[in-house]
Amino acid sequence: MNRAWGLAGCLALGGCSGANSVLAPAGYQAHALLDVLKLTVFVGAAMYVLVLAFLTLGIVRRRVQESGDLPVVEPADAGLHRGLIAWSVLILCGLSLLITASFVLDRHLAAAQPSETLEVRVTAQQWWWRFVYRDPATGRWVETANELHLPVGRTVRVTLGSNDVIHSFWVPSLAGKMDVIPGRVNVLDLTPRRLGWFRGQCAEFCGVQHAHMAFDVKVESEADFRAWLANQARPAVSPSGVDAARGMRIVSTQCAACHTVRGTAAAGRAGPDLTHLGARRRMAAGTLALNRGNIEGWILQPQSIKPGTLMPATSLDSRGAEAVARYLEALK
Ligand code: HEC
Ligand SMILES: [Cu+2]
């Protein structure tokens, strides 16, 4: 039994680290938020201990009095009043401390950051994320989806818009949540400090596939980031091989209404940009690992993998789906 509890405890604590934990911050904003969280826990714990201490004291005193060792004395009204006032003041101080701390932190995080910031435009929609970067080389906007790349040590300004309902952008390891509201642009700054893969998640219920509206975040060195962005800015590579060429023809006819593959005839905007799909780690907003088999499965039956998704089932046979998967997988 004890072992079972021990194991359960270890499992529960396992949730405290990893790719999306507010307790293992990897960015400036998340660090600052964790400090306020610690303060809140500390103040709450101190209050709790005080309450229990007074309660114990009261019980013990009463017991001792009743056992006859001491005369039973009811507290005088004045004493009781003073005690209550002191207690209220204490509570007020604790709460004021917490309110001030969270207000000051909020102001500080919202304050404008130094001018040299990188901007990423994020659009949330049912149920995936559109990310648009400005290419410093050409000044043009470069679109990708479901995988956010950030250079370490720099402040990135994320501007958040929604195409349909309210969503919420949350990368627990990097910063607090920010709601994404149709008709508004909200702004959030991210200053990652640790390299690695992290996870972002929509944090506001937005429909049946809300749980499958995640994204990967990769924090990388400045050089790696530049190389990644330069690659994203390039048009798609041409297919090599007969199968892949057939895949490309299918995509530019049957998928072109919704998907863009830059450099081909496909220029739809309803779904994620597929120009560099093969370079991503996951697909369908964190739902599947990216590999040929999963691409094929997704194309054939998106509705059974993510019921309700706005990508309709296609009429391709398995040969066609395989050709498309070969083509898309090679779009690095
Ligand atoms: C009616 C519009 C529409 C059509 C037509 C369509 N898709 Fe999609 N597709 C979407 C939407 C919307 C998503 C995002 C789904 C989600 O994650 O919930 C998507 C997602 C995808 C993804 C995952 C992308 C990523 O970033 O993870 C792939 C791959 C894909 N579609 C391939 C195809 C192929 C191949 C075809 C043609 C055979 C096709 N789609 C036809 C709308 C469409
Ligand atoms: Cu959501």
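The largest nonpolar core in this predicted model holds 31 residues. Trp 129, Phe 131, Leu 148, Phe 169, Leu 190 and Val 217 touch the most other members. Eight elements are listed as giving two or more residues each: β1 (118–125), β2 (128–134), β4 (147–151), β5 (156–162), β8 (186–190), β9 (196–202), β10 (214–220) and α4 (222–233). β1 gives the most, with four residues.

Phe 131 has contacts beyond its neighbours within four places in sequence. Among them are Val 120, Arg 121 and Val 122. The run from Val 142 through Glu 143, Thr 144, Ala 145, Asn 146, Glu 147 and Leu 148 also contacts Phe 131. So do Phe 169 and Phe 215.

A second core stands separate from this one. Its 24 residues include Ala 236, Cys 255, Ile 299 and Met 311. In soluble globular proteins, nonpolar side chains tend to be buried together.

The two cores compare as follows.

| Core | Residues | Members, including |
|---|---|---|
| Largest | 31 residues | Trp 129, Phe 131, Leu 148, Phe 169 |
| Second | 24 residues | Ala 236, Cys 255, Ile 299, Met 311 |

Now the whole chain. It has eight helices and twelve strands. Of its 332 residues, 39% count as buried. The radius of gyration is 28 Å, against near 20 Å for a compact globule of 332 residues. The C-alpha trace spans about 100 × 50 × 35 Å along its principal axes.

Among contacts with a separation of 6 or more, 62% join residues 24 or more positions apart. The chain exposes about 18100 Å², and carbon and sulfur atoms supply 63% of that area. There are 33 positive and 25 negative charges, and their mean positions lie 4 Å apart.

Technical notes:
Residues numbered from 1 in each chain as written. Chains lettered and ligands numbered in written order. Predicted model: local features only at pLDDT ≥ 70, side-chain atom pairs only at ≥ 80, totals over all residues. Heavy atoms only, no water. Rg over C-alpha atoms; globule rule 2.2 N^0.38 Å. Buried < 20%, exposed > 50% of the residue type's maximum accessible area, 1.4 Å probe, protein only. Contact = heavy atoms within 4.5 Å. Areas by Shrake-Rupley, 256 points an atom, 1.4 Å probe, with all protein chains shown as cover. Lys, Arg positive; Asp, Glu negative; His and termini not counted. Charge placed at Lys NZ, Arg CZ, Asp CG, Glu CD. Core = buried A, V, L, I, M, F, W, Y, C linked by side-chain atoms within 4.5 Å.
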